[in-house]
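Please open the structure in your viewer and keep the selection tool at hand. The tour below moves from one selection to the next and says what is there at each stop.

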Amino acid sequence: MNEAARVLELLAERGHTLAAAESLTGGLVAAELTGVPGASKSFRGSVTAYATPLKEQLLGVDRTLLAERGAVDPEVALQMAAGVRARLGADWGIATTGVAGPDPQDGQPVGTVYVAVAGPPGERCGAGKVASLRLNGDRAEIRRESVRSVLELLRELLGGEHPENARAQDTEQNGGD
């Protein structure tokens with residue numbers, strides 16, 4: 001079972017819903033989730049806020065934070081996840097932001113990625129959880145690994161076991177085998 005299918009299964013078992021906010025992944029998280037039959041039981045929808053101003057306008061990310069740190073920042077990722085959760089009326093929100101390349105952005109090198117999860121009150125993640133990644137590879141590999149990483153982070157917070165065949169996440173040298 002792939003990561004998206006496992007996440008959706010865990011959400012369905014709890015009767016919970018999910019929304020996604022995407023930047024560098026440009027809809028790939030939503031595509032991965034909606035590729036699973038029956039995804040509509042748990043997946044409410046997504047917002048692809050590729051342009052920085054849309055992160056504020058659509059997801060409620062703090063304008064000052066964006067002005068001071070740029071869109072590639074762990075707090076921005078967390079606010080994106082919380083914003084999409086609230087705006088789409090979901091129990092859980094996930095978000096991706098980062099630099100897939102080919103050029104650096106906001107002073108951050110290619111491969112700098114932040115993925116975040118915001119869950120309901122009382123869950124293990126509390127106010128949310130962010131993973132900082134340093135990914136290698138080309139643009140497509142960085143985007144694919146970002147999708148896998150955000151879904152894996154959510155699965156872990158939902159209490160799903162780690163698949164035996166999952167490869168170790170080495171955030172300093174990841175990007176494919």
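How many of the 7 residues of strand β3 (residues 92–98) are buried? If you select this strand in the model, which is a predicted one, you will find that 7 of the 7 residues are buried, so β3 is largely enclosed by the rest of the structure. Turning on the side chains shows that both faces are covered, with Trp92, Ile94, Thr96 and Gly98 buried on one side, and Gly93, Ala95 and Thr97 buried on the other. In a regular strand the side chains alternate between the two faces of the sheet.

Next, add the strands that pair with β3. Strand β1 (residues 18–22) runs parallel to β3, and the two pair over 5 bridges, whereas strand β4 (residues 112–118) pairs with β3 in the antiparallel sense over 6 bridges. A good residue to centre on is Thr96, which is the bridge partner of Glu22 and which also stands opposite Val115 in β4.

Now move to β4 itself, where 7 of the 7 residues are buried, so that this strand too is largely enclosed by the rest of the structure. Its two faces are both covered, since the buried residues are Thr112, Tyr114, Ala116 and Ala118 on one side and Val113, Val115 and Val117 on the other. From β4 you can step on to β5, which pairs with β4 in the antiparallel sense over 6 bridges; one place to look is Ala116, whose bridge partner in β5 is Val130.

With these strands in view, select the whole sheet, which is an open one of 5 strands in the order β2-β1-β3-β4-β5, with mixed pairing. At its edges lie β2 (43–48) and β5 (129–134), each of which pairs on one side only. If you look along the sheet, neighbouring strands are turned by 15 degrees against each other on average, direction ignored. Helix α6 packs on this sheet, where it touches β1, β3, β4 and β5, and its direction makes about 30 degrees with that of β4.

Select helix α6 next, which covers residues 139–158. Of its 20 residues, 14 are buried, so the helix is largely enclosed by the rest of the structure. A distance drawn between its end C-alpha atoms gives 29 Å, which agrees with the 28 Å that 20 residues should span at 1.5 Å a residue. At the N-terminal end, Asp138 caps α6, with a side-chain oxygen that lies 3.1 Å from the backbone nitrogen of Ala140. Beyond the helix comes Gly159, whose phi is positive, near 90 degrees.

While α6 is still selected, show the side chains of Arg155 and Glu152, which meet in a salt bridge with 3.9 Å from N to O. These two residues are 3 residues apart in α6, and they are therefore separated by about one helical turn. An α-helix has 3.6 residues a turn, so residues three or four places apart point the same way. Are Arg155 and Glu152 buried or exposed? Both Arg155 and Glu152 are buried. Widen the selection to Glu3, Glu145, Arg148, Glu152 and Arg155, and you will have one network, joined by salt bridges that share partners.

The last stops are two further salt bridges, out of a count of 7. For one of them, select Glu56 and Arg63, whose side chains meet at 2.8 Å, N to O. Here Glu56 counts as partly exposed because its relative accessibility is 24%, while Arg63, at 57% relative accessibility, counts as exposed. For the other, select Arg69 and Asp73, which form a salt bridge with the closest N and O atoms 3.3 Å apart. In this pair Arg69 counts as partly exposed at 45% relative accessibility, whereas Asp73 is buried, with a relative accessible area of 8%.

Key:
Residues are numbered from 1 along each chain as its sequence is written. This is a predicted model: local features need pLDDT of at least 70, side-chain atom pairs count only at pLDDT 80 or more; totals for chains, interfaces and linings use all residues. Side-chain values use heavy atoms; hydrogens and water are left out. A salt bridge is a side-chain nitrogen of Lys or Arg within 4 Å of a carboxyl oxygen of Asp or Glu. Buried means under 20% relative accessible area, exposed over 50%, partly exposed in between (1.4 Å probe, protein chains only). Helices (H or I, at least four residues) and strands (E, at least two) are DSSP runs, numbered from the N terminus. The expected span of a helix is 1.5 Å times one less than its number of residues. A polar contact is a pair of N or O atoms within 3.5 Å; within protein, one must be able to donate a hydrogen and the other to accept it, and residues adjacent in sequence count only if both atoms are side-chain atoms. Two strands pair if DSSP finds at least two bridges between them. Axes are lines fitted to C-alpha atoms, for helices over the stretch in contact, and angles run from 0 to 180 degrees between N-to-C directions. Contact means heavy atoms within 4.5 Å.
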